[in-house]
Amino acid sequence: MFARLAGTGHFLPEHILTNAELERRVDTSDAWIRERTGIRERRVCSADESVVSMATEAAKRALAAADLPAEHLDLIVVATTSADRAFPSAACEVQHALGITDTPAFDVAAACSGFLFALSVAEKYIVSGAAKHVLVIGSDALTRMCNPDDRNTIILFGDGAGAAVLSASTEPGILSTHIYSAGEFASLLGADHPNRSDEAFQQEAWLYMRGREVFKVAVEKLAELVEHTLAFHQMKATELDWLIPHQANYRIIQATARKLNMPMAQVVMTLEKTGNTSAASVPIALDVAIRDGRIQPGQTLLLEAFGGGFAWGSALIRY
Ligand code: UT7
C-alpha cells in the first residue's frame, strides 16, 4: 500500500508587507533584503485571521481538489509552532471548522520542517493500513512571533498555510520520507512560548535567530539530506523532475540545487512573494506548481526543509 497525493491547496492572507514598508520600520533596505534572501514581499495575517483559519481554508481547497468530503478523513495532522493556543491543538480546531467530529486530530511541532514531519506520520498511518485518507496541513503565522524592531527576523518571515490530502493507493505515491532532529542547536533558532506571566519574560519571548550560523548548518545538512534521499532509492538527480524546497533563503535553495546539479528552472520558488512561511512553505510551493500545471502526473518530486530544532526532512514523491 502507498500513500498518494490526492489533492493540495493553500491559503495566503491578503495583506502584503513589502520591503519598501520594512525600510520605513527598521534599518534595512529593499536591496539588502533581495540580495541576501531573494524576498520582495510577504503576507501578514489580519487581526481576524489565524493559524487555524488559514489552515482551514487551505484544507478546504485540498479536499475540493481531492474531491473528498471531510467526513471521509481518518486523521488530521497540522504542522505548526505558532498557533494561538497551546491546546486544544490547531488540528482539533480545524476538525471542528470543517464540520466533522471524532476524526483523530493532532499537531506536530517541527518548526519550518513541520510539513515533512507531518507527511512522514501520515504516510506511516496509510502504509500500515491504519488510515485511508489523511489531511496534512502546514500553517504558521511567524510574523506574530517576530519583534517588529528586529531587522534580523522581521524581514524574513511571512504567514500562510498549505495542505495536502493523502489517500491509500496501490500505485506508488510517496516513495519515502526522511526526518532528522538535532536538539543541540536550540540556541541558534527558537521562540519561547509566551505562557509565563512575568513581564520581563514576555519581553524576551520573541523569535530569536543567529542567521549566519543557521545558514551554514542548513546548507550542510540539506546537502547530506538530498544525497541520502537519492542514495536510498539508488536514484540519480537527473531522474528528478522538480525540487520543492523550504523557502527560507534563495542562496540556501541555490546551494541545494547546485549539489543536485539541477537548474533553477526545475526548482519551485515562491519565496519572492511569500517570504519564509515556516511549516507552510513546502505545501504552498507544492500546490502552486500543481495548480499552474508545472507538476504533471508521473513526475518525481523531491521535497525538503530545514528549520528550528534543528529539524530537517525530505520526501521523494511520484505525483
Ligand atoms: O527557516 C529556517 C530557518 N532560517 C533560515 O534558514 C535563515 C538562515 N539565514 C539566513 O537566511 C541569513 O543568514 C540571513 C538572511 C538571516 C542574513 O543574511 P547574512 O548574509 O547571513 O547576513 P549576516 O547576518 O551575516 O549580516 C551581514 C551584515 C551585518 O552587518 P556587518 O556586521 O557586516 O556590518 C548585519 O548587521 O548585514 C547586517 N544586517 C542587515 N542589514 C540590513 C543584518 N540584517 C540586516 C537587515 N538589513 N535586515
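**Backbone exercises on a predicted model**

P88 sits in the loop that runs between β4 (75-79) and α4 (90-97). The model is predicted, and the exercises below concern its backbone geometry.

**Exercise 1.** Determine which residue is joined to P88 by a cis peptide bond, and state omega.

*Solution.* Step one: take the peptide bond that joins F87 and P88. Step two: read its omega, which is about 0°. The bond is cis.

**Exercise 2.** Find the peptide bond to F310, assign its geometry, and place F310 among the strands.

*Solution.* Step one: the bond runs from G309 to F310. Step two: omega is near -15°, and the bond is cis. Step three: F310 belongs to the loop between β12 (300-307) and β13 (311-318).

**Exercise 3.** For D67, give phi, locate the residue, and decide whether D67 is buried or exposed.

*Solution.* Step one: phi of D67 is near 55°, a positive value although the residue is not glycine. Step two: D67 lies in the loop between α3 (51-66) and β4. Step three: the relative accessibility of D67 is 67%. The cut-off for exposed is over 50%, so D67 counts as exposed.

**Exercise 4.** Repeat the analysis for S278: phi, location, and buried or exposed.

*Solution.* Step one: S278, a residue other than glycine, has a positive phi near 60°. Step two: the loop between α10 (271-274) and α11 (281-291) holds S278. Step three: relative accessibility at S278 is 1%. Buried means under 20%, and S278 therefore counts as buried.

Notes
Residues numbered from 1 in each chain as written. Predicted model: local features only at pLDDT ≥ 70, side-chain atom pairs only at ≥ 80, totals over all residues. Heavy atoms only, no water. Helix = DSSP H or I, 4+ residues; strand = E, 2+ residues; numbered from the N terminus. Buried < 20%, exposed > 50% of the residue type's maximum accessible area, 1.4 Å probe, protein only.
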